[in-house]
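This report describes the fold of one protein chain and then turns to selected side chains. It moves from the overall architecture to surface features, charged pairs and individual positions.

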Amino acid sequence: MRRDQLQEDFASALHDSGRAWRHALDRRLKGLGLSQASWMSVAFLARAEAPLTQTELAHCLSVEGPTVVAMVDRLQRAGLVRREIAPEDRRVRRVVLTAEGLSIYAEVKRAAVDFRHEMLDGLDATDLQQATKLLHRLQRLTAASSR
C-alpha cells in the first residue's frame with residue numbers, strides 16, 4: 001500500500017473512531033438528560049485541577065466563547081454548575097460544579113467506565129499500549145504544529 005494511502009486511511013479511521021466512540025457513549029448517557037456537549041463539559045470541569053474559566057472550558061471543548069456561554073447557562077439552569085467571580089480578576093468568571101453536578105459526573109464516569117470495559121476488555125494489552133503511545137505522540141505533534 002502506498003504511504004499516502006496508508007496515511008489517508010489512518011487519518012480517516014482515527015477521525016471516524018473518535019466520532020463513533022463519542023456517539024456510542026452519548027447514546028448511553030441520554031438517560032441522564034445531557035447532550036454530548038453537556039456531559040463533556042461536566043467531565044472537563046470535574047477533572048480539572050482548579051475551576052476553569054469559561055474561556056478555558058471553551059478551549060477544552062474546542063468551541064467558541066459564545067457557544068460555551070450558552071452551554072454554561074443551560075448547565076446553571078439545570079443546577080449542575082455555578083459561576084464564581086475569580087478573586088484575582090473580577091471580570092473573570094470561573095465555572096464550578098455544584099453537588100448535583102458532581103453527582104451527575106459520578107454517573108457519567110460510571111457509564112464511561114462500563115462502556116470502556118465493554119469496548120476494550122477483549123483487546124490485547126500490548127496492542128492497547130502501542131495504540132495509546134501512538135495517540136499520545138500524535139497529540140504532541142498536533143499541539144506543536146498549532147503553535
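## Overall architecture

The protein chain contains six helices and three strands. The coordinates come from a predicted model, and every value below is computed from it. Read from the N terminus, the elements follow the order α-α-β-α-α-β-β-α-α. Along the principal axes, the C-alpha atoms of the protein chain occupy a box of roughly 55 × 35 × 25 Å.

The protein chain has 147 residues, of which 25% count as buried. Its exposed area is about 10,300 Å², and carbon and sulfur atoms contribute 54% of that area. Among contacts in the protein chain with a separation of 6 or more, 45% are made by residues 24 or more positions apart.

## Helix 6 and the nonpolar patch

Helix 6 covers residues 125-145. Its 21 residues should span 30 Å at 1.5 Å a residue, and this agrees with the end C-alpha atoms, which are 30 Å apart. At the start of helix 6, a side-chain oxygen of D124 comes to within 3.1 Å of the backbone nitrogen of T126.

A nonpolar patch on the surface is formed by F10, L14, L134 and L135, which together have about 310 Å² of accessible area. Two helices, helix 1 (3-29) and helix 6 (125-145), each supply at least two residues of this patch. F10 is placed in helix 1. With a relative accessible area of 37%, F10 is partly exposed.

K133 is also found in helix 6. This lysine is exposed, its relative accessible area being 66%. K133 and H23 are separated by 110 residues in sequence, and their C-alpha atoms lie 24 Å apart in space.

## Charged pairs

Side chains of opposite charge can pair when their charged atoms come close. In the whole structure, a search finds eight salt bridges. Three of them are set out below, each with the distance between the closest N and O atoms.

| Salt bridge | Closest N and O atoms |
|---|---|
| D16 and R19 | 3.3 Å |
| D26 and K30 | 3.6 Å |
| R94 and E56 | 3.7 Å |

How are D16 and R19 placed relative to each other in helix 1? They are three residues apart in helix 1, so about one helical turn separates them. D16 is partly exposed, with a relative accessible area of 35%, and R19 is partly exposed as well, at 37%.

In the pair of D26 and K30, whose closest N and O atoms are 3.6 Å apart, the two partners fall into separate accessibility classes. D26 has a relative accessibility of 10% and therefore counts as buried, since the cut-off for that class is under 20%. K30, at 49% relative accessibility, counts as partly exposed.

The third pair in the table is the salt bridge between R94 and E56. R94 lies in strand 3 (residues 89-97) and E56 in helix 3 (residues 54-61), so this pair ties together parts that are 38 residues apart in sequence. E56 is partly exposed, with a relative accessible area of 37%. Salt bridges with shared partners join E56, E88 and R94 into one network.

## Positions around helix 5

T98 occupies the loop between strand 3 and helix 5. Is T98 buried or exposed? Its relative accessible area is 15%, so T98 is buried. A polar atom of the T98 side chain lies 2.5 Å from the backbone oxygen of G79. Neighbours within four places in sequence aside, T98 is in contact with G79, L80, V81 and R82.

L120 belongs to helix 5, which comprises residues 99-120. Its relative accessible area of 25% makes L120 partly exposed. Which residues does L120 touch, not counting residues up to four places away in sequence? They are W21 and L128.

## Summary

The predicted model presents a chain of six helices and three strands. Helix 1 and helix 6 each contribute at least two residues to the nonpolar patch. The salt bridge of R94 with E56 links strand 3 to helix 3, while T98 is buried in the loop between strand 3 and helix 5.

Definitions and conventions
Residues numbered from 1 in each chain as written. Predicted model: local features only at pLDDT ≥ 70, side-chain atom pairs only at ≥ 80, totals over all residues. Heavy atoms only, no water. Helix = DSSP H or I, 4+ residues; strand = E, 2+ residues; numbered from the N terminus. Buried < 20%, exposed > 50% of the residue type's maximum accessible area, 1.4 Å probe, protein only. Contact = heavy atoms within 4.5 Å. Patch = residues over 30% accessible without salt bridge, like charges linked within 9 Å, V, L, I, M, F, W, Y side chains within 5 Å. Areas by Shrake-Rupley, 256 points an atom, 1.4 Å probe, with all protein chains shown as cover. Salt bridge = Lys/Arg side-chain N within 4 Å of Asp/Glu carboxyl O. Expected span 1.5 Å × (residues − 1). Polar contact = N/O pair within 3.5 Å; in protein donor to acceptor, adjacent residues only side chain to side chain.
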